[in-house]
Amino acid sequence: MASFLRSWIPSYPNAKAESKSTPQVEVDETADDSGSETEREEDHTDEPPAFPSLNSAQRVKTKTSPSSSQKSDAELMPPPSLPPNLNPNLASRTPGMSSSTLGVPSSSSLGVPSSSSSLSVQSTTKPPTKPSGRNKVALAPGHSPLDWAALKSSGADLRGVPTLMRITPSVLKQHNKKDDAWAAFNGKVYNITPYLAFHPGGEKELMRVAGRDGTKLFALTHAWVNVDFMLDSCMVGFLVPERSS
């Protein structure tokens, strides 16, 4: 069978031998690679430029040495001269020298006490005085601020007059008794008789304004108290000036 095939395909062995051989590929090593050249150029572009430039005027100046004719700072700006009235020894003062040799005035000539005893804190055996405060009295039972608020809301007649009136200073002056006491505050007149027993400062202090205008004394004693709210149920009228004759 093999001989029959050889007669028909004479080149069969040669083709078989060629199939066994490995093909050779030639590589030209001298070919230009544009990619490698690009990488080399990019490597150079990443480097920062020299600053200042190598041929710049700044580099030329730094390389040159300063001329011998250039003056120092002390020569360009000498120290100021001393005033005519000042002792020249002060300019060359050395540590440890006394002030008398330098012409410095002593503390006695300046009026400064030489001894430290006058500057010491004076001791005392007296106790410190306490600031005088408001004097409060002990109120009778049932006369607390809550009791006064309850009395106002009870509906009791605390005014003593049927209607509000115009009250002159001469009329106000007549009501200065303990059982009939009127007082004016901020242009309003109140019947303070029912409030005497409820006053925290005592009846005697409140009677100081009976029969007169007590606005100034009230402001000096307790200006933070709302007198309109405290004595609204005791209001009898308004303070008006005297009638002209």
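This section describes the secondary structure, sheet, salt bridges, helix packing and aromatic pairs of a predicted model.

The protein chain holds 10 helices and five strands. Of its 245 residues, 16% are buried. The accessible surface of the protein chain comes to about 20,400 Å², and carbon and sulfur atoms account for 57% of that area. Among contacts in the protein chain with a separation of 6 or more, 68% are between residues 24 or more positions apart.

The five strands form an open sheet with mixed pairing, in the order β1-β5-β4-β3-β2. Strands β1 and β2 (176-177) occupy the edges and have a single partner strand each, so one side of each lacks a neighbour in the sheet. Strand β1 covers residues 165-167 and runs parallel to β5, residues 235-239, with three bridges between them. In this pairing, I167 is placed opposite L239 of β5. On the β4 side, the direction is antiparallel: three bridges connect β5 to β4, which spans residues 188-191. Here V189 has G237 of β5 as its bridge partner. Strand β4 is also joined to β3 (residues 180-185), by four bridges and again in an antiparallel arrangement. Within that pairing, W182 faces N191 in β4.

Four salt bridges are present in the structure. One of them is formed by the side chains of K152 and D232, with an N to O distance of 3.3 Å. K152 belongs to helix α6 (residues 145-153), while D232 lies in the loop between α10 (227-230) and β5; the two residues are 80 residues apart, and the pair links distant parts of the chain. The two partners fall in separate accessibility classes. K152 has a relative accessible area of 17% and is therefore buried, the cut-off being under 20%. D232, at 35%, is partly exposed.

A salt bridge also connects K178 with E203, whose closest N and O atoms are 2.8 Å apart. Because K178 lies in the loop between β2 and β3 and E203 in helix α8 (residues 203-206), this pair ties together parts that are 25 residues apart in sequence. K178 has a relative accessible area of 53%, which makes this residue exposed, as the class begins over 50%. E203 is partly exposed at 30% relative accessibility.

A further salt bridge is found between R208 and E205, with 3.1 Å between the closest N and O atoms. R208 is partly exposed, with a relative accessible area of 44%. E205 is also partly exposed, with a relative accessibility of 39%. In general terms, side chains of opposite charge can pair when their charged atoms come close.

Helix α9 spans residues 215-222, and L217, F218 and H222 are buried in this helix. When viewed down the axis of α9, the buried residues fall within an arc of 100°, so they line one face of the helix. An α-helix has 3.6 residues a turn, so residues three or four places apart point the same way. The exposed residues K216 and L220 are carried on the face of α9 that is turned away from its buried side. The cover over the buried residues of α9 includes strand β3 and helix α10. Strand β3 thus has a part in two of the arrangements described: β3 is joined to β4 by four bridges, and β3 is among the elements that cover the buried residues of α9. Helix α10 likewise recurs, as part of that cover and as one end of the loop that holds D232.

The structure contains four aromatic pairs. Among them is the pair of F185 and Y190, whose geometry is tilted, with a centre to centre distance of 6.3 Å and an angle of 35° between the planes. Both F185 and Y190 are buried. F185 falls within the residue range of β3 and Y190 within that of β4, the two strands that are joined antiparallel. A single aromatic cluster is made up of W148, Y195 and F198. W148 falls within the residue range of helix α6, the helix that also contains K152.

Notes. Residues are numbered from 1 along each chain as its sequence is written. This is a predicted model: local features need pLDDT of at least 70, side-chain atom pairs count only at pLDDT 80 or more; totals for chains, interfaces and linings use all residues. Side-chain values use heavy atoms; hydrogens and water are left out. Two strands pair if DSSP finds at least two bridges between them. Buried means under 20% relative accessible area, exposed over 50%, partly exposed in between (1.4 Å probe, protein chains only). Contact means heavy atoms within 4.5 Å. Accessible areas come from the Shrake-Rupley method with a 1.4 Å probe; for residues, only the protein chains shown count as cover. The arc is that of the directions from the helix axis to the C-beta atoms. Rings of Phe, Tyr and Trp (its six-membered ring) pair if their centres lie within 6.5 Å; planes under 30 degrees apart count as stacked, over 60 as edge-to-face and the rest as tilted.
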